[in-house]
Amino acid sequence: MTILDRIIERKREEVASARGQSDLREQRSRCRDAEPVRGFAAALSVRAETGTAIIAEVKKGSPSKGVIREDFDPLAIAAAYERGGAACLSVLTDRDFFHGELAYLEQIRRQVALPLLRKDFIIDRYQLYQSRAAGADAVLLIAAALEPAQLEDFAAEAAELELDVLLEVHDEAELAKSAGAAVPMIGINNRDLKTFHTDLAVSERLLPLLPRDCLPVAESGLHCRDDIERLLRAGARAFLVGESLMREADPAVKLYELLGTNGGTHV
Ligand SMILES: O=P(O)(O)OC[C@@H](O)[C@@H](O)c1c[nH]c2ccccc12
């Protein structure tokens, strides 16, 4: 059994228990009361025109690295990311494997103006409603975790909720399996979720294969400006970065470095 299988198994239990506390009808009605979304994909595209579009991730830890940042204040980190010039934020909300909380996203939403991605393992439509109700502007759909029909259905249902989907793939087979899903953004995860091995060459190999009408996002394993420039050359238009920012005392300073000379255009 891979780590991804274990996460998915646990996620089914979590969703069942969440439904027990607040059913789909209730989540739907919370969605109706939710504030309008702040366009996530649009914010990335606009930034990519003038500078480097970075999605900065609020991530306390992961199964491969354990706790990445002991001194973890999600609001302070989100504020530093905003100050440092991130185009959008990603908030890890998985508790058992990534030390996240859905409450972090709700709190950040109230204090930071940037669009937010709920980063979790979505395996049930219930989580789409839960995400929108919590204040997410976008959700992640992981091709490795879903069947083609689910990818298609979840993408359509997310769009109805006005959530932008970042569809994540790691190889050619996952890309082929995602072909039926209409999404604004495709993320190439440089990390294999089954082995945790990370290699930027994965993005270089897959970027040329992405459909032209999707915003190509490179995810994971980005540590310095050279990494960003390498994948800009390969065709990436946005970048999802967690660990290398979370390991810095002041994540804003690391962001300036990753943004490079183009970063100054963000204000
Ligand atoms: O911390 P990194 O190597 O910069 O990676 C960030 C992000 O890409 C990674 O957290 C991630 C990508 N896809 C995921 C799916 C689930 C959980 C986490 C992830």
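Two residues are taken to be in contact if their C-beta atoms, placed from the backbone, lie within 7 Å. On this basis, in the predicted model, P74, L75 and A78 of helix α4 meet Y104, Q107, I108 and Q111 of helix α5. By class, this contact of α4 with α5 comprises 5 nonpolar and 2 polar residues, and no charged residues. Helix α4 covers residues 74-84 and helix α5 residues 102-111; their axes lie 10 Å apart, at an angle of about 45 degrees. Angles under 35 degrees count as roughly parallel and those of 65 to 115 as roughly perpendicular; α4 and α5 are therefore oblique to each other. The crossing of α4 past α5 is right-handed.

Helix α4 also packs against helix α12, which spans residues 251-259. The axes of α4 and α12 come within 8 Å and cross at roughly 35 degrees. Here too a right-handed crossing is found, with α4 passing α12. The α4 side of the contact consists of I77, A80, Y81, R83 and G84, and these meet P251, A252, L255 and Y256 in α12. The residues of this contact divide into 7 nonpolar, 1 polar and 1 charged.

The surroundings of the ligand were examined next. A shell of 16 residues surrounds the ligand, and the closest of them are E219, S220, L240, G242 and E243. Two elements, β10 (238-241) and α11 (243-246), give two or more residues each to this shell. In terms of residue class, the shell around the ligand contains 6 charged, 5 polar and 5 nonpolar residues.

In the UniProt record, an unreviewed entry, the feature "domain: Indole-3-glycerol phosphate synthase" is placed at residues 4-256. Helix makes up 45% of the span 4-256 and strand 17%. The C-alpha atoms at the two ends of this span lie 33 Å apart.

Technical notes
Residues numbered from 1 in each chain as written. Predicted model: local features only at pLDDT ≥ 70, side-chain atom pairs only at ≥ 80, totals over all residues. Axes fitted to C-alpha atoms, helices over the stretch in contact; angles between N-to-C directions. Helix = DSSP H or I, 4+ residues; strand = E, 2+ residues; numbered from the N terminus. Parallel < 35°, antiparallel > 145°, perpendicular 65-115°, else oblique. Left-handed = near helix turned anticlockwise from the far one by under 90°. Nonpolar A, V, L, I, M, F, W, Y, C, P; charged D, E, K, R; others polar. Near = placed C-beta within 6 Å. UniProt positions renumbered as here; feature names shortened; annotations may be inferred.
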